[in-house]
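Reader: I am new to this structure and would like to understand how its descriptive labels are earned. Could you take me through the reasoning with care?

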Amino acid sequence: MMPDHSLRICADRGGTFCDIHASYPDPECEGSRKELVVKLLSQDPANYRDAPTEGIRRILEKVTGQKIERGTRLPTNKIDYIRLSTTVATNALLERKGKKHALVITKGFKDLLLIGNQSRPRIFDLNIKRPDPLYTDVIEVDERVTLVGYTSDPAAADHAVQFDDNGKITKGYSGESSICGIDGEPEIVHGLSGEAVQILRKPDLKTVEEQLTKLYDQDFRSIAIIFAHSYTFPQHEIAVGKVAEKIGFTQISLSSQLLPMIKMLPRGVSSTADAYLTPILKEYLDGFFSGFDEELRGGGKEAHEGRHARVEFMGSDGGLVDLNNFSGLKSILSGPAGGVVGYALTSWDESIRTPIIGLDVGGTSTDVSRYAGRYEVTYETTTAGISIQSPQLDINTVAAGGGSCLTFSNGLFKAGPESAGAEPGPACYRKGGPLCLTDANLMAGRILPDYFPKIFGKSAKEPLDVEASRTKFDKLREEINAHSSSELSLDEIVYGFIKVANETMCRPIRALTEAKGYSTDRHLLATFGGAGGQHAGEIARLLGIKTVLIHRYSSILSAYGLSLADRIYELQEPSSAQYTNESHSSLIRRLDSMEEKARAALRDQGFPDDRIQAERYLNMRFDGTDTSLMILGPSDGSHDFEAAFKNQHKEEFGFLLEGKTIMVDDFKVRGLGKTFDTLGDTVHEELKTLNKRNVEKSKLAHKKRDIFDSIAAGASSVFAGVTAAGGGVASFVTSVGGQGVTLISEEGGSVYTLATDGVGQVTTIAGQQYTIATNAYVQATSSAGSPNAASTRSSFPITLSLVGTIAGVIMGAAFVL
């Protein structure tokens with residue numbers, strides 16, 4: 001019998017599929033765990049209300065052996081934790097379906113967010129449509145604070161107001177600034193950043209209550225509060241927030257709490273995004289929790305005794321947060337972040353240190369990222385026209401995925417950006433959907449219906465409908481040939497759409513690499529997502545990448561990444577200090593203090609000291625500039641932030657401002673609670689242990705036609721095979737011109753082979769950390785791009801790529817030979 005609180009569940013709800021990875025103690029082997037995978041459509045209202053809940057129900061049925069009817073509240077006594085990543089907030093922002101909310105801002109700044117920063121990203125468009133602001137109404141609060149002195153004062157440090165440890169003034173301002181209050185003698189206080197703050201006018205809370213009550217009577221329940229200089233003096237925002245809470249507002253987004261950073265505009269836009277998205281996220285989570293017993297949310301007897309299941313969420317920065325710290329602002333990249341963690345931790349080899357490009361081809365979009373030993377984080381991104389300042393993994397997204405609609409318009413083949421999603425989905429999903437990229441891969445032979453999950457149709461138990469795809473492609477072929485001077489075959493049309501999608505997917509990869517000075521051919525390509533393996537081989541060839549890695553859990557890697565992610569606790573405080581030899585020790589002391597607070601918070605969450613790590617950052621810039629860089633402290637313990645800042649500034653901008661003072665705008669400490677010990681040998685180490693064997697033609701279990709770029713030149717089709725069920729070896733062969741031959745590696749030997757697991761469904765690499773589905777097949781290309789079973793290294797080596805990956809099958813590692 002499975003012990004209580006031992007089942008670990010990770011669920012990633014994407015735009016098309018919901019992927020769930022679970023593990024539980026192996027009753028036959030003490031100390032080890034069994035793993036279970038469930039994949040289902042993200043939307044199937046005819047069969048279930050919420051996909052993650054339905055997936056967890058299926059898992060509980062399998063591991064407990066007990067029937068659980070749909071619609072019943074699920075018991076959580078067997079669950080250790082549930083980890084979720086979701087695209088709910090992302091979709092709400094893209095579709096503009098967030099919650100109605102109001103902006104509460106300092107008087108005189110009513111139009112600040114509407115005016116923006118005057119950037120014109122599409123200056124040559126003839127019909128420019130500016131995105132509408134997220135808020136619905138605005139109220140201005142008559143309050144005002146300002147800073148004492150001038151930031152451009154060359155003697156600012158000498159003229160500055162001095163305070164003692166208790167915040168009392170020990171030296172007044174000695175510069176030429178005129179200090180005067182609106183309501184009489186000004187009050188000067190010590191700001192959080194160390195700056196002297198002059199309070200010109202305090203808010204009249206009675207008037208504010210009247211203003212907020214009018215909003216409440218108009219059915220507003222969410223507000224964003226943004227006051228000038230609140231990053232260093234948050235008291236006015238906090239006071240107004242308490243008034244709003246007393247009135248009954250359910251969502252109050254304070255900019256000083258969400259993002260205590262200088263620059264009112266990005267702080268304000270981010271706060272309105274939080275007020276817009278968090279209520280929608282809470283509504284979804286309330287619905288999710290309603291599917292379980294009360295102990296999941298901290299109620300019931302066991303919860304009061306500290307034994308209830310935990311629920312954790314993937315944040316946009318790749319770390320896990322609890323329910324109290326999860327918000328709309330932190331969830332915008334919640335979905336793809338899990339995949340970045342997954343491929344980074346399973347593909348990186350510290351001894352080789354080859355950077356990795358992550359290619360996540362899902363049902364709705366393709367997400368691209370880069371990993372070179374640390375997560376690349378950006379602090380300001382633009383999503384759906386809204387510039388949001390919040391720590392997020394640097395992920396580029398393009399609207400090209402399995403569900404991207406295929407259309408022919410004005411003589412052009414188009415893949416996306418419209419998507420069929422999960423409802424109705426592609427034509428082959430048996431719901432009357434349009435032609436999509438999945439249909440093209442199905443027609444090209446890159447998807448095998450016999451091995452694809454049978455979760456379609458009214459019963460949610462039917463396989464893919466090949467004829468539906470063929471019928472729609474035949475109709476589209478007639479339309480295309482009617483507008484073409486040449487007669488295109490069905491294969492040429494199908495592969496034409498695939499080529500368009502592949503080029504679209506290459507675009508964000510080049511933006512993350514070549515646009516930043518990195519050569520693509522010096523990277524590995526780690527591909528995952530349900531459609532990743534169908535495109536990885538050709539994308540690698542287009543980019544000159546010589547190694548493609550497909551993890552055993554590639555089709556559910558975003559869910560699997562959740563099981564490897566760290567629990568995060570972050571602290572951030574503003575600063576106005578100069579980085580000098582004299583100030584260095586005080587800056588480090590402040591980081592030390594923040595680090596101890598972060599470690600204490602993680603200890604309170606149950607992490608022992610040996611599982612807690614901390615990353616320390618200073619947000620630095622040259623004096624007189626407004627572009628700061630978040631600098632990670634050196635790992636050698638030297639605390640030489642200046643050298644690290646100059647190196648990064650030189651790398652990103654190509655120059656240094658010698659002689660300029662370096663300013664510190666923010667302190668940041670990121671506490672990490674490690675959730676696993678080790679992943680064992682890396683894939684590169686395992687690759688060295690693989691055996692090589694020749695394949696016997698009699699052991700082929702399946703042959704499938706694929707379409708390659710040289711088809712238009714009349715080249716022979718390429719076939720590939722895998723071992724029969726119960727076969728003794730698992731190898732790959734190609735068939736060129738109808739004659740089977742063994743694929744030859746560049747080393748002069750035969751292709752790498754793997755031992756079967758005895759049932760022929762999955763072949764296993766040593767340690768069972770990476771497997772490859774037997775319904776996969778390979779493509780061999782020479783440097784000319786034509787099928788070739790025995791090619792030597794030239795500009796492109798022979799490529800062994802898992803192009804027949806199936807979304808619902810546990811998949812494995814594919815390597816360039």
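**How the labels are earned**

Author: Let us begin with helix α6 (residues 235-247), which lies across β5, β12 and β13 and runs at about 175 degrees to β13. Please keep in mind throughout that this is a predicted model.

Reader: Which sheet has β13 as an edge strand, and what makes it an edge?

Author: The sheet is an open one of four strands in the order β6-β5-β12-β13, with parallel pairing. Its edge strands are β6 (137-141) and β13 (251-254), and the label rests on each of them pairing on one side only. Neighbouring strands in this sheet are turned against each other by 20 degrees on average, direction ignored. Another helix, α5 (residues 205-217), lies across β5 (102-106), β6 and β12, and its direction is at about 175 degrees to β6.

Reader: How do you know that strand β12 and β13 are joined?

Author: Two strands count as paired if at least two bridges are found between them, and strand β12 (residues 222-226) is joined to β13 by four bridges, the two running parallel. The pair therefore meets the requirement of at least two bridges. Within this pairing, isoleucine 223 stands opposite isoleucine 252 in β13.

Reader: What is the pairing like in the open sheet of three strands?

Author: That sheet has the order β7-β11-β10 and its pairing is antiparallel. Its edges are β7 (144-147) and β10 (187-190), each of which pairs on one side only, and the twist from one strand to the next averages 35 degrees. Four bridges link β7 with strand β11 (residues 196-201) in the antiparallel sense, and arginine 144 stands opposite arginine 201 in β11.

Reader: Why is the contact between the side chains of glutamate 61 and lysine 67 called a salt bridge?

Author: The term requires a side-chain nitrogen of Lys or Arg within 4 Å of a carboxyl oxygen of Asp or Glu. For glutamate 61 and lysine 67 the N to O distance is 3.8 Å, so this pair satisfies the cut-off of 4 Å. The structure holds 38 salt bridges.

Reader: Are glutamate 61 and lysine 67 buried or exposed?

Author: Buried means under 20% relative accessible area and exposed means over 50%. Glutamate 61, with a relative accessible area of 18%, is therefore buried, whereas lysine 67, at 64%, counts as exposed.

Reader: What makes the salt bridge of lysine 668 and glutamate 570 a tie between separate parts of the chain?

Author: The closest N and O atoms of lysine 668 and glutamate 570 are 3.6 Å apart. Lysine 668 lies in strand β30 (residues 662-673) and glutamate 570 in strand β27 (residues 567-578), so the pair ties together parts that are 98 residues apart in sequence. Lysine 668 counts as buried at 2% relative accessibility, while glutamate 570, at 28%, falls in between the two limits and so counts as partly exposed.

Reader: Which residue forms a salt bridge with aspartate 665?

Author: The partner is arginine 621, with the closest N and O atoms 2.8 Å apart. This pair also links distant parts of the chain, since aspartate 665 is in strand β30 and arginine 621 in strand β28 (residues 612-622), 44 residues apart. Both aspartate 665 and arginine 621 are buried.

Reader: Why is helix α15 (residues 557-564) described as mostly covered?

Author: The description follows from the count, because eight of its eight residues are buried, which means under 20% relative accessible area. Among them are Leu557, Tyr560 and Leu564.

Key:
Residues numbered from 1 in each chain as written. Predicted model: local features only at pLDDT ≥ 70, side-chain atom pairs only at ≥ 80, totals over all residues. Heavy atoms only, no water. Buried < 20%, exposed > 50% of the residue type's maximum accessible area, 1.4 Å probe, protein only. Axes fitted to C-alpha atoms, helices over the stretch in contact; angles between N-to-C directions. Contact = heavy atoms within 4.5 Å.
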